[in-house]
Amino acid sequence: MRVGVIALLHESNTFVSQPTTLRHFEEELLVTGDAVRTRLAEAHHEVGGFFQGLQEAKIQAVPVFAARATPFGAIESVAYSRLLEILFAALEDAGALDGILVAPHGATVSEEVLDADGHWLSLLRERVGAETPILGTLDPHANLSPAMLAATNALIAYRTNPHLDQRECGVQAAQLMARTLHGEVWPVQAAATPPMAIDIERQCTGEFPCRPLYDIADRMLDLPGVLSNSIVLGFPYADVPEMGSAALVVTDDNAPLAQRLANELGEYLWRHRWEFIGEHLDIETAVNRAVLGSKALQVAEESVRYCLLDMGDNVGGGSPGDGTALAHALHKLQHVNSFICLYDPQAVQRVEAACVGDSFPMQVGGKTDDLHGKPLEARFTVLGVYGGRFRETQPRHGGWTEFDMGRTAVVRSDNGLTVMLTSRRVAPFSLEQLRCCNLDPTRFHILVAKGVNAPIAAYRDVCDHFLRVNTPGVTTADMTRLPFQYRRRPMFPFEK
Ligand SMILES: [Zn+2]
């Protein structure tokens, strides 16, 4: 038996003013055929899990297509059309398939098609017919749509955020495919979509209020006939009709049971909706807390490190990565050894023209738009310029192994703020990002990570405390401040 493998992964933030282009995919991942296996088979990623699960079940994996770009604006229409052309040409080349394993992200938006995942999965269903099982995975930051459900037999979301079970989730989908093809089960799925969205700050699966919900979902897996279930946390930064949180249950050919159990989970979400509103800690309070906390323990000669999570400039949620709100606040402090990474290709060029040890005034960050703070102007000393490539071998959020920041400069302000300047936007999912530029993360007392939950998987190795900070930007903690046009109404927490 032959099972095709297809992945199209993009988390699209429709509030970002610039689109995601084909170049963004080409720079990161856009491959067909055997190259899919070469790039992903060993990764802590669901596609790696597909290959593993199929191999264990002695089913031939047929790699077809894989594309991924760092979260950013909606995908440009022409780029989306081109991706589909490449995908379906590769599917044609793959020959006859008994089943297809798919890895949509679930929050992909093109400029033309708001529900891009539902759209390409429907085209795939049309192409292969109703008899061929299409099973796959979802990022829990998906906005689940009726079209995604109709086009697939079963979707399984990762169970962790930060996402550390991506590979296991892929293995699970492949095992379900094997059982389906052997005629042991016939998966059917149903969802509940209560009119609510979970605050991104409350989406850490190991913490309250997510934990009790996942415990209920875990227990449900023991019921007879249940093949899988998923909590779809949702991605509040996509202005689409299906934006929101959902529950999804897959059973063995028992649609009423799937619907009843999905409704139970959906009703839990709805009853507990007030618990899923975030704290929204302001910048001043967060920075003061970090300074006082790290100083108090330094007196006791204990080294303690704080991580400030820059919610408004969350690179993994589509933000530009050059937000300066926390850079300004940290620069105002005296003698606090702190770190921030900013996407700023212009500043990198400026530093490359100088020598290590040179010191000069420069503006860094705040250049993409006027939503993420003004550039920070200060006197900086050049510490070094680097190639910016690094490799992460541990399971980290996103399941990615190879990273490329482009030419990367490290400078330090007179006040003790170390700034890493990159030529490409890279989310802070690995401490190798610092180490590849000769920076020891344990040298800092306060480190900024531009994310909400995802960076914790890497940063908890060196940070004792995490503070999620309500900074301005297109991934603002407070979703009710975003200018939605297409979301459902009424919807919690927008309409209380
Ligand atoms: Zn995610």
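This dialogue reads a predicted model from the whole chain down to one strand.

Q: Which helices and strands does one count when beginning with the whole chain, and how many are there?

A: An overall count is a convenient start. This chain has 14 helices and 19 strands. The radius of gyration is 23 Å, close to the 23 Å that the globule rule gives for 496 residues, so the chain is as compact as a globular protein of that length. Along the principal axes, the C-alpha atoms fill a box of roughly 70 × 50 × 45 Å.

Q: How many of the 496 residues, as a percentage, are buried?

A: Burial is judged by counting neighbours: a residue is buried if 20 or more other C-beta atoms lie within 10 Å of its own. In this chain, buried residues make up 56% of the 496 residues.

Q: What do contacts between residues at least 6 apart in sequence show?

A: One asks how far apart in sequence the partners stand. Here, 76% of such contacts join residues at least 24 apart.

Q: Where do the domains of the chain lie?

A: The domain assignment places domain 1 at residues 2-276 and domain 2 at residues 283-477. Their C-alpha centres are 31 Å apart. To the contact between them, domain 1 contributes 24 residues and domain 2 contributes 22 residues. On the side of domain 1 that touches domain 2, there are ten nonpolar, eleven polar and three charged residues.

Q: How should one read a single strand, and is strand β5 mostly covered or exposed?

A: In a regular strand the side chains alternate between the two faces of the sheet. Strand β5, residues 134-138, is mostly covered, with five of its five residues buried.

Q: In which sense do β4 and β5 pair, and over how many bridges?

A: Strand β4, residues 99-104, pairs with β5 in the parallel sense, over three bridges. One such bridge joins Val-102 to Gly-136 of β5. Between these strands the chain passes through helix α5, residues 116-128, and this β-α-β crossover is right-handed.

Q: What is the sense of the pairing between β5 and strand β6?

A: Strand β6, residues 154-157, also needs its sense and bridges stated: β5 and β6 are parallel and share four bridges. Thr-137 has Ile-156 of β6 as its bridge partner. The chain reaches β6 from β5 by way of helix α6, residues 146-151, in a β-α-β crossover that is right-handed.

Q: Which strands, then, pair with β5?

A: The pairings described here are with β4 and with β6.

How values were computed:
Residues numbered from 1 in each chain as written. Predicted model: local features only at pLDDT ≥ 70, side-chain atom pairs only at ≥ 80, totals over all residues. Helix = DSSP H or I, 4+ residues; strand = E, 2+ residues; numbered from the N terminus. Rg over C-alpha atoms; globule rule 2.2 N^0.38 Å. Buried ≥ 20, exposed ≤ 12 C-beta atoms within 10 Å, placed from the backbone. Contact = placed C-beta atoms within 7 Å. Domains from an automatic or database assignment. Nonpolar A, V, L, I, M, F, W, Y, C, P; charged D, E, K, R; others polar. Pairing = 2+ DSSP bridges. Right-handed = clockwise from strand over helix to strand, strands pointing away.
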